[in-house]
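Me: Please take one part of this model and examine it closely, in terms that a first-year student can follow. I should then like to see how that part fits into the rest of the chain.

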Amino acid sequence: MTPMPAAAPTDLNLTTEKMEKVAFILKTTAHPTRIAIVQLLAAHESLSVTDISEKLSVEQSLLSHHLTGMKLKGILSSSREGKNIFYSLKMREVVDVIQCLAGCTFL
């Protein structure tokens, strides 16, 4: 079997700061439910936990776990209106990173 040639090195023009930010975003969103939450909130200004749960068909308790973690990491923000908590994207760059990944030819 002939070994495959190594890919040509590509200058991605990533500074240390960019690499750290991308790594942070990837670590924080590294779950299908979290990616679905980002995708949903990218299309809506804000949604309640109930709305997100219904649209993603995910139990509210599991969803709350993901939402709380993403809020603590600064990806999401929340506001309370009565008994409802509404979430929105705080770090819009997350959408850019996910869109870049979605455009990969190997996916």
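A close look at one loop residue

Reply: Leaving out residues up to four places away in sequence, T29 touches R34, I35, V38 and V94. This environment belongs to a predicted model, and everything below should be read with that in mind. T29 sits in the loop between α1 (16-28) and α2. Although a loop residue, T29 counts as buried, because its relative accessibility of 3% falls under the 20% limit. Of the residues that T29 touches, R34, I35 and V38 fall within α2 (32-43), while V94 falls within α5 (93-102).

A second link joins α1 and α5. K21 forms a salt bridge with E93, and their closest N and O atoms are 3.0 Å apart. The two partners come from distant parts of the chain: K21 is in helix α1 and E93 is in helix α5, 72 residues apart. K21 has a relative accessible area of 36%, and so counts as partly exposed; E93, at 33%, is partly exposed as well. A search of the whole structure finds 1 salt bridge. Helix α1 also holds M19, which is partly exposed because its relative accessibility is 43%. Together with L12 and L14, M19 forms a nonpolar patch on the surface, with about 300 Å² of accessible area in total.

The wider setting of this loop may now be described. The protein chain contains 5 helices and 3 strands. Read from the N terminus, these elements follow the order α-α-β-α-α-β-β-α. Buried residues account for 29% of the 107 residues. The chain exposes about 7800 Å², of which carbon and sulfur atoms supply 57%. Of the contacts between residues at least 6 apart in sequence, 49% join residues at least 24 apart.

The interior comes next. The largest nonpolar core has 21 residues, and those with the most contacts inside it are I37, L41, I52, L67 and L76. At least two residues of this core come from each of α2, α3, α4, β3 (84-89) and α5. L41 shows how such a residue brings separate segments together: neighbours within four places aside, L41 is in contact with L47, I52, L76, Y87, S88, L89 and R92.

Several of these contacts lead to the sheet. The 3 strands form an open sheet in the order β1-β3-β2, with antiparallel pairing. Because β1 (47-48) and β2 (76-81) each have a single partner strand, they stand at the edges, and one side of each is left without a neighbour in the sheet. In general, the strands of a sheet pair through backbone hydrogen bonds, in a parallel or an antiparallel sense. Here, β2 and β3 pair over 6 bridges, and S77 stands opposite S88 in β3. On the other pairing, 2 bridges join β1 to β3, and S48 has F86 of β3 as its bridge partner. The hairpin of β2 and β3 has 2 residues between the strands, and there G82 takes a positive phi near 65°.

Finally, another loop residue offers a contrast with T29. S57 is found in the loop between α3 (49-56) and α4 (60-72). S57 has a positive phi of about 55°, although it is not a glycine. With a relative accessibility of 68%, S57 lies over the 50% limit and therefore counts as exposed. Thus, T29 is a buried loop residue, whereas S57 is an exposed one.

Key: Residues are numbered from 1 along each chain as its sequence is written. This is a predicted model: local features need pLDDT of at least 70, side-chain atom pairs count only at pLDDT 80 or more; totals for chains, interfaces and linings use all residues. Side-chain values use heavy atoms; hydrogens and water are left out. Helices (H or I, at least four residues) and strands (E, at least two) are DSSP runs, numbered from the N terminus. Buried means under 20% relative accessible area, exposed over 50%, partly exposed in between (1.4 Å probe, protein chains only). Contact means heavy atoms within 4.5 Å. Accessible areas come from the Shrake-Rupley method with a 1.4 Å probe; for residues, only the protein chains shown count as cover. A nonpolar core is a set of buried Ala, Val, Leu, Ile, Met, Phe, Trp, Tyr and Cys residues joined through side-chain atoms within 4.5 Å. A salt bridge is a side-chain nitrogen of Lys or Arg within 4 Å of a carboxyl oxygen of Asp or Glu. Patches are made of residues with over 30% relative accessible area and no salt bridge: like charges are joined within 9 Å, nonpolar side chains (Val, Leu, Ile, Met, Phe, Trp, Tyr) within 5 Å. Two strands pair if DSSP finds at least two bridges between them.
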